[in-house]
Amino acid sequence: MSTSNFKNKCVTQVNCIYCDSLLCMRGMKAVLLADTEIELFSTDIPPNSGNVVGYHVVAPCKPCLLSCNNGHFWMFNSEAVSTINRLDATGQNLLLWGDLPELEGSDDESLDSLSEEEYLR
């Protein structure tokens with residue numbers, strides 16, 4: 001599966017609306033494949049959460065894997081999260097998925113990786 005279709009999508013920080021804890025730094029605005037009217041957010045790494053804010057796709061079906069998908073298997077209900085678009089290293093432009101390092105070659109992103117401007121947002 002190629003994620004090239006998603007390289008121009010913004011990277012979002014996703015927080016829990018119940019406790020305001022950081023869930024992930026690699027979120028993406030998405031829609032439910034079965035019903036594109038339902039907006040959600042997704043990520044490609046397990047989130048940090050003690051609250052129920054979405055679901056994890058454990059075993060995707062073959063049609064879903066073969067369809068246009070972003071490879072994200074952790075989904076957040078848009079009503080259960082708040083999001084902030086992340087900025088690139090310059091602090092001037094939105095960070096896009098095409099500009100993120102590959103997951104296997106990078107450490108899990110944390111608040112330490114934020115630029116000063118992005119942290120203050």
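Contact here means heavy atoms within 4.5 Å. By that yardstick, in this predicted model, T43 touches C24, R26, G27, H72, F73, W74 and F76, leaving aside residues up to four places away in sequence. T43 sits in strand β3, which covers residues 35–43. With 0% relative accessibility, T43 counts as buried, because the cut-off for that label is under 20%. Its side chain also has a polar partner: a polar atom there lies 2.9 Å from the backbone oxygen of R26.

Strand β3 belongs to an open sheet of 6 strands, which runs β4-β5-β3-β2-β1-β6 with antiparallel pairing. The edges go to β4 (54–56) and β6 (81–85); each has a single partner strand, so one side of each is left without a neighbour in the sheet. Ignoring direction, neighbouring strands are turned by 40° against each other on average. At one end of that order, β4 pairs with β5 (residues 74–77) in the antiparallel sense, over 3 bridges. Here H56 stands opposite W74 of β5.

Then there is the packing. In soluble globular proteins, nonpolar side chains tend to be buried together. The largest nonpolar core in this model takes in 9 residues, namely V14, C16, L23, C24, F41, V53, F76, A80 and V81. Two or more of these come from each of β1 (12–16) and β2 (22–32). One core member, A80, touches N15, C16, I17, Y18 and V53, again not counting residues up to four places away in sequence. Apart from this largest core lies another, made of 6 residues, including F6, L95, W97 and L100.

Notes: Residues are numbered from 1 along each chain as its sequence is written. This is a predicted model: local features need pLDDT of at least 70, side-chain atom pairs count only at pLDDT 80 or more; totals for chains, interfaces and linings use all residues. Side-chain values use heavy atoms; hydrogens and water are left out. A nonpolar core is a set of buried Ala, Val, Leu, Ile, Met, Phe, Trp, Tyr and Cys residues joined through side-chain atoms within 4.5 Å. Buried means under 20% relative accessible area, exposed over 50%, partly exposed in between (1.4 Å probe, protein chains only). Helices (H or I, at least four residues) and strands (E, at least two) are DSSP runs, numbered from the N terminus. Two strands pair if DSSP finds at least two bridges between them. Axes are lines fitted to C-alpha atoms, for helices over the stretch in contact, and angles run from 0 to 180 degrees between N-to-C directions. A polar contact is a pair of N or O atoms within 3.5 Å; within protein, one must be able to donate a hydrogen and the other to accept it, and residues adjacent in sequence count only if both atoms are side-chain atoms.
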